[in-house]
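Work through two short exercises on the structure shown below. Each has a task and a stepwise solution.

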Amino acid sequence: MVGYAFMGAAHSQAWRTVNRVYDLPARARMVLVAGRDPGKVAEAADRLGWEEHTTDWRELVARPDIDVVDICTPGDSHAEIALAALAAGKHVLCEKPLANTVAEAREMAAAAAVARAGGARSMCGFNYRRVPAVTLMRQMIAAGRLGEIRHVRASYLQDWIVDPQFPLVWRLRKDLAGSGALGDIGAHIIDLTQYVTGQRITGVGAVTETFVKERPLPTESSGLAAQVDGVSAATGPVTVDDAAVFVARLDGGSLATYEATRFATGRKNALRVEINGSLGSVAFDLERLNELEFYDATRPAAEQGFSRILVTEGEHPYLSAWWPPGHIIGYEHSFTHQMRDFIEAVATGVDPTPSFAEALQVQLVLDAVVRSAERGSSWTDVEPTLATVAA
Ligand SMILES: NC(=O)c1ccc[n+]([C@@H]2O[C@H](COP(=O)([O-])OP(=O)(O)OC[C@H]3O[C@@H](n4cnc5c(N)ncnc54)[C@H](O)[C@@H]3O)[C@@H](O)[C@H]2O)c1
């Protein structure tokens, strides 16, 4: 694994847990973690449960006893690490968004296709697909329970940079992050809604805004509030969007709205999706992730109303291996589910999803949003790709 902070900790927890929870055809061994600071990576290896540590990620790629490279770094290093790992025949799990640019994502998807011919598999870490209520949403839509989909309504709201004194961490720099709220959290709702509906965004009209244009430099450039040591007197320009809002058309005929922001004061990690179809609706809220709201319009009028499905039954996706019904799960379980599916696919020789090709398609949507916003919100088609939205 490369990178050991927020996602590194989440992935480590999942790698540690997955062998014990699921009966899998192969077991994960946490061999080597890479970082840049020798002291910190040694401490992280010990804390997170890695056997060895290194300050050079190339060691992961070179070692014959390593099968999988898990990329948990900011977007500016995804392409370089993934391309090297795939060229060395490693299976690759790469955090989202796949890359910082369409050009990089295209190169990664092409390399993944070449590597696949040699047996190396790859996957992008859109972990919210693996929240059981989200997977159930997809299953219900695929089974026709919602009929024809007319509306997709998605928002991902955070508030961690409302304070203008919050420092210029890597997520606020285009050279490191590619984009701001758009690529960080907007990418999640793009992937999630396309996944659950089985439809793809064909065009967008967008606005983006950077509310705070200059911020103090951090004394340590890390990802989120808890990891910032302090600020210096010097400031620097914010080069990404603080918020992105767009309307979209999907290829199944539905209309969609998307809102991704880091300025929704009071909203910490509010990912919400509602889908309306001709026969019913579903609604999901990450802050209540064990629940799915379902409105079944085929029921007698006197009995209609949104019902709350508690997604904790053994029949529900991923849940038979966890606890008895009603014993809820949390955020970190989505990563364990991600590792389960990844290991199972790799060990049985099938392609895990979402593939790099699917993640490239998300990147093309992000790119269309940026181009639309740059041209006064004018309608912008998303470049079609061959990638299907696979289950
Ligand atoms: N799936 C999700 O829900 C989710 C959530 C948060 C972040 N992410 C994604 O995960 C990735 C990492 O984000 P994070 O929140 O963990 O960031 P972070 O700042 O918490 O951690 C980044 C880590 O990468 C290391 N690093 C940076 N550049 C490196 C390099 N060149 N070589 C080796 N190590 C390097 C840092 O030292 C740090 O350990 C990003 O792509 C981000 O978009 C995904």
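**Exercise 1. The ligand site**

Which polar backbone atom is 3.4 Å from an oxygen atom of the ligand? Then list further polar contacts, the cover and the make-up of the shell.

Solution. The model is predicted.

Step 1. The backbone atom belongs to Ala-5, and its partner is a ligand oxygen at 3.4 Å. This pair passes the cut-off for a polar contact, within 3.5 Å.

Step 2. Met-7 also uses its backbone: an N or O atom there lies 2.8 Å from an oxygen atom of the ligand.

Step 3. Glu-95 uses its side chain. An N or O atom there is 3.1 Å from a nitrogen atom of the ligand.

Step 4. On its own, the ligand has 840 Å² of accessible area, and the protein covers 90% of this.

Step 5. The ligand has 23 residues around it; Met-7, Lys-96, Asn-127, Trp-170 and Arg-171 come nearest. Sorted by class, the shell holds 10 nonpolar, nine polar and four charged residues.

**Exercise 2. Helix H5**

Check the length of helix H5 (residues 102-117). Then find its buried residues and what covers them.

Solution.

Step 1. H5 has 16 residues, so at 1.5 Å a residue it should span 22 Å. The C-alpha atoms at its ends are 23 Å apart, which agrees.

Step 2. Val-102, Ala-105, Met-108, Ala-109, Ala-111, Ala-112 and Ala-115 are the buried residues of H5.

Step 3. Their cover includes helices H4 (78-87) and H10 (356-374), along with strands E4 (91-95) and E5 (122-125).

Step 4. After H5 comes Gly-119, with a positive phi near 100 degrees.

How values were computed
Residues are numbered from 1 along each chain as its sequence is written. This is a predicted model: local features need pLDDT of at least 70, side-chain atom pairs count only at pLDDT 80 or more; totals for chains, interfaces and linings use all residues. Side-chain values use heavy atoms; hydrogens and water are left out. A residue is near a molecule or strand if one of its heavy atoms lies within 4 Å of it. A polar contact is a pair of N or O atoms within 3.5 Å; within protein, one must be able to donate a hydrogen and the other to accept it, and residues adjacent in sequence count only if both atoms are side-chain atoms. Accessible areas come from the Shrake-Rupley method with a 1.4 Å probe; for residues, only the protein chains shown count as cover. Ala, Val, Leu, Ile, Met, Phe, Trp, Tyr, Cys and Pro count as nonpolar, Asp, Glu, Lys and Arg as charged, and the others, Gly among them, as polar. Helices (H or I, at least four residues) and strands (E, at least two) are DSSP runs, numbered from the N terminus. The expected span of a helix is 1.5 Å times one less than its number of residues. Buried means under 20% relative accessible area, exposed over 50%, partly exposed in between (1.4 Å probe, protein chains only). Contact means heavy atoms within 4.5 Å.
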